[in-house]
Structures are given as C-alpha cells and as structure tokens.
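Hi,

Here is the structure I promised to pass on to you. Please have it open while you read the notes below.

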Amino acid sequence: MTDIQSYLASVKSRVDLYIEEFYSSKKKNIPEQLYEAINYAIFPGGKMLRPAIAFGICDELGSTTDTVLPIASAIELVHTFSLIHDDLPCIDNDDYRRGRETVHKKFSEAIALLAGDALLIDAFGMVASAQQLTESKRVQILELFSSCAGSYGMVGGQILDIDYSSGQREIDPHLLITLKTSNMFILSSMCGAICSDKEFVKEDIIKFGEDFGTLFQLTDDILDFQQDRRGSFNIVTLKGHNEVFSEIDRRYENIRLFTKKYSFNLNIISGLTELVVNRVENIRQMGGLLQ
C-alpha cells in the first residue's frame, strides 16, 4: 500500500525538477524579471494535487509514470497561471498566497499578468514537446487542455464567479464548481489515463475527475467559511453545512465505487480522496461551528 504523503512528496519533487529544467534550458531567452516572477510563482508551490491525480491514475491503471511527467508538469503550470490571475486586483485582489506576497504584490500587476500568460502558453509548449508520447496522444491532450482550461472550462467558470460576486446573475453553484475547479481534475484524470496506454472508459474517468474536483472544492469552501475567508462564492453560504456534507458523502461514495470497479489497489486515489475529506472531519464532528 502506498503512503500517500510520501507519494505526494515524490510527485512534487519530480514535477518541480521537470519544470525547473524546462525553464533553465530557456533562461537566456527569457527576460530576467519574467524569469524571476515565474519561479517565484511556481516554487515552493503547494501540494500538487492535480499532478498527483494524473500520476495516480496512471499508476493505478498499471503503467509507468515516465510518460505522464511532462503532462503533469504542464498541468501545474496552468494551475499556477490561474492562481496568479485570480489574485490580481481586478479579480480577487489578494495580497498573500501560500503564506507570502502574491506575484503582483512582489513584482507588479503588469509582471503578474504577463507571468500568468507565459505559464499558460508554456504549458501548451511543454505538452507539444513531450516526445515520450505519440503525436496523436499529444494532440488529444492539447485538446483536453483547451477544453478544460479555456472559455468553456476553468476560465469560463471564473467568469461565472465574477458575475455572481457582482450580483449580475444567479448561477447554478455546481456548474460553477465543475467549470472552475473540477475541470482541472478532469484534465488530470484523463491525462493520466491516456498516458497509461491502458484500457479505460472515458466517461468513467471524466466522472471521477468531476467527483474529486467537487469534493475538493466543497471541503475548501467549508474551510474558508470557518476561517471567514468566504471570497466571492462559497457554497456553504448558499446551502449550509448539512447539505454540503451530504454532497461530500455522495461524491466520496462515487469515488469509492470507481476505485472498486477498476480494481485500484495501490491506495493512491483512495488515499488522495481521504486526504481531502479528512481536512474537514473535525468541523463535521463539531457540527459545523460558526454556521
């Protein structure tokens, strides 16, 4: 059985090294301030759940993860781009990220905007140059990056979030979560499956990514609600703790059935799921204090 914390540490180490080597090889062609901002945004980074899902699906399906490394690294670039842009004054206007100044506070709004742009575009280049994969698989994955991160994916979800926070429209909260958060986990899941070169049912993998992404966002909203960091949209405010915890249980059961159907036995996907769920269990046991 896999120790999930050690697994996450291994994924982070491999992805960090791949990204570092990718940018180091191009350093002489990148303006110094942009290079510094990109590195500041990426390192030391977070837990890398999205790359870990890509690695985990590939591992659980019984394949080497060498082929998924450049793709998982590109996913982390896209995720980092989204954080930089979300933090900008024109969107969430956050001064701190992961315990230190956000990119626009450390550098400038213009540099932050361009660093985010560069990361998103570089992610596509990273996938396109992944020679471990066939050309047809690279094209398939690039299409997934576009659909999951673009105008009808994560970016589209951010627009719904802005509309909601401005009071311009009512939204379906689960649609917002799917677009803004779950899409990136769908991307990770599908890329892991494609890179495994094993048989899988596309609809099953997409459903898992949607379930895991929703589970992640629901627990995130609970934590933000308890700490009074409710942001522009928080489903706990709309639905209350009881309904949100019921939805968490439903998504958790969906994932359990998925791992059983595919005979996943390395404890990677189930371990990552437990890690996400467990971070709000003390709040559940206390009855969602601060309701």
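A good place to begin is F145: not counting neighbours within four places in sequence, this residue contacts I71, A74, I75, V78, A123, F124, V127, G150, L187 and C191. Please keep in mind that this is a predicted model.

F145 also turns up in the largest nonpolar core, which has 93 residues; together with Y23, I57, I71, I141 and L272, F145 is among those touching the most other members. Helix α9 contributes the most to this core, with 12 residues.

Next, the helices that pack on α9.

Helix α8 (residues 154-165) packs with α9 at about 145°, and the two axes are 8 Å apart. The crossing of α8 with α9 is left-handed. On the α8 side you will find M154, G156, G157, Q158, L160 and D161, which meet L175, L176, L179, K180, N183 and M184 of α9. Sorted by class, that contact holds six nonpolar, four polar and two charged residues.

Helix α11 (residues 235-261) also meets α9 (residues 173-196): their axes come within 12 Å and cross at roughly 65°. An angle of 65 to 115 degrees counts as roughly perpendicular, so α9 and α11 are roughly perpendicular to each other. This crossing is right-handed. From α9, the contact uses P173, H174 and I177, while α11 supplies I235, L238, K239, E247 and R251. Here the classes are four nonpolar, one polar and three charged residues.

Happy to go through any of this with you.

Best wishes

Conventions:
Residues numbered from 1 in each chain as written. Predicted model: local features only at pLDDT ≥ 70, side-chain atom pairs only at ≥ 80, totals over all residues. Heavy atoms only, no water. Axes fitted to C-alpha atoms, helices over the stretch in contact; angles between N-to-C directions. Helix = DSSP H or I, 4+ residues; strand = E, 2+ residues; numbered from the N terminus. Parallel < 35°, antiparallel > 145°, perpendicular 65-115°, else oblique. Left-handed = near helix turned anticlockwise from the far one by under 90°. Contact = heavy atoms within 4.5 Å. Nonpolar A, V, L, I, M, F, W, Y, C, P; charged D, E, K, R; others polar. Core = buried A, V, L, I, M, F, W, Y, C linked by side-chain atoms within 4.5 Å. Buried < 20%, exposed > 50% of the residue type's maximum accessible area, 1.4 Å probe, protein only.
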